[in-house]
Amino acid sequence: GARTTNDKKAAEKNLITFEMAERLRADMRDGLFGHQETWLSTTHLRTRMVLKSRQIGATWYFARERFLRGLETGNNQLFISASRAQAHVFRNYIVQWVQKVCGVTLKGDPIVVQRQGEDGELLDPFELHFLGTNYRTAQSYPGDVIVDECFWIYGFEELFKVASAMATHSRYTITLFSTPSTLDHEAYPMWSGERF
């Protein structure tokens, strides 16, 4: 009946096949710089804090890394930025990349990604959430958390608490990255190791 066709359409929406995922992985590896390869070797760490200089492709890199991680693990990917517009930079990078490599246009906000295993079986989907400072309303979403320009977000301590709550389960990770701001910023003790 009509219902099955709708279900089938829904299942095909935002579908990334196993073969597409392989193409994305290869495409990403081909485009990496040395410092990005180092970041890639740390994806398994529970908490990462990357201090970066401007214009070294961090947003571009983490958009791709996190999308691949979602495909591999089924973990939701929660992008937090100082503003919603900034968070949408991640979204645009992901959408353009998947369009270019796979010819699939990801839609929705959040984007719900359907994924396939090696034998074509459907695996659990995962979600990409793009959050500005409305991240407090997102505490109910579990997943891997990525915080962009964390040294510039007001109320870092609270943000880190919320991020930790979203990534409570041991299968989830937190990635923070930022250009440096000031030594009296709330994020400094964490970066310097004083907090640890």
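1. Surface and model. The accessible surface of the protein comes to about 10,000 Å². Carbon and sulfur atoms hold 54% of that surface. Keep in mind throughout that this is a predicted model. Of the 196 residues in the protein, 45% are buried.

2. Elements. The protein has seven helices and seven strands. Read from the N terminus, their order is α-β-α-α-β-α-β-α-β-β-β-α-β-α. Many contacts join parts of the chain that are well separated in sequence: among contacts with a separation of 6 or more, 73% are between residues 24 or more positions apart.

3. The sheet. Seven strands form one open sheet. Their order across it is β1-β4-β5-β3-β6-β7-β2, and the pairing is mixed. The edges are β1, residues 15-16, and β2. Each of these edge strands pairs on one side only.

4. Strand β3. This strand covers residues 77-80. In the sheet order it stands between β5 and β6. Four bridges link β3 to β5, in the parallel sense. Two of the facing pairs can be named: Gln77 has Leu128 of β5 as its bridge partner, and Ile80 stands opposite Leu131 in β5. On the other side, β3 runs parallel to β6, residues 144-148, again over four bridges. There Leu78 stands opposite Val145.

5. Both faces of β3. Are the residues of β3 buried or exposed? Gln77 and Phe79 are buried on one side of the strand, and Leu78 and Ile80 are buried on the other. Both faces are therefore covered. The split follows a general pattern: in a regular strand, side chains alternate between the two faces of the sheet.

6. The largest core. The largest nonpolar core has 33 residues. Within that core, Ile16, Leu24 and Phe67 have the most contacts. At least two core residues come from each of α2 (18-30), α4, α5 (84-102), β4 and β5 (122-131). Helix α5 gives the largest share, eight residues. In general, nonpolar side chains in soluble globular proteins tend to be buried together.

7. Ile16 and the second core. Beyond its neighbours within four places in sequence, Ile16 is in contact with Ala21, Leu24, Phe67, Leu71, Val98, Leu106, Val113, Gln114, Arg115 and Gln116. Another core, of 19 residues, lies apart from the largest one. Its members include Val147, Leu159, Ile174 and Leu176.

8. Helix α6. This helix spans residues 156-166. Its buried residues include Phe156, Leu159, Phe160, Val162, Ala163 and Met166. Why do they sit on the same side of α6? They cover an arc of only 165° around the axis, which puts them on that one side. The general rule behind such spacing is simple: an α-helix has 3.6 residues a turn, so residues three or four places apart point the same way.

9. Gln116. This residue belongs to strand β4, residues 111-116. Its relative accessibility is 22%, so Gln116 counts as partly exposed; the cut-off for buried is under 20%. Gln116 and Leu15 are 101 residues apart along the chain, yet their C-alpha atoms are separated by 7.7 Å. Leaving out residues up to four places away, Gln116 touches Leu15, Ile16, Thr17, Phe18, Glu121, Leu122 and Leu123.

10. Thr59. Helix α4, residues 58-73, holds Thr59. Thr59 counts as buried because its relative accessibility is 15%, and buried means under 20%. Outside the residues up to four places away in sequence, Thr59 touches Val89, Phe90, Tyr93, Asp148 and Phe177.

11. Arg48. Which strand holds Arg48? Arg48 lies in β2, residues 47-51, one of the edge strands of the sheet. Arg48 is nevertheless buried, with a relative accessible area of 4%. The Arg48 side chain makes a polar contact with the side chain of Thr42, at 3.0 Å. Thr42 is also among the residues that Arg48 touches, not counting those up to four places away. The others are Trp39, Thr43, Phe62, Glu65, Arg66, Ile174, Thr175 and Leu176.

Definitions and conventions
Residues numbered from 1 in each chain as written. Predicted model: local features only at pLDDT ≥ 70, side-chain atom pairs only at ≥ 80, totals over all residues. Heavy atoms only, no water. Buried < 20%, exposed > 50% of the residue type's maximum accessible area, 1.4 Å probe, protein only. Contact = heavy atoms within 4.5 Å. Areas by Shrake-Rupley, 256 points an atom, 1.4 Å probe, with all protein chains shown as cover. Polar contact = N/O pair within 3.5 Å; in protein donor to acceptor, adjacent residues only side chain to side chain. Arc of directions from axis to C-beta. Core = buried A, V, L, I, M, F, W, Y, C linked by side-chain atoms within 4.5 Å. Pairing = 2+ DSSP bridges.
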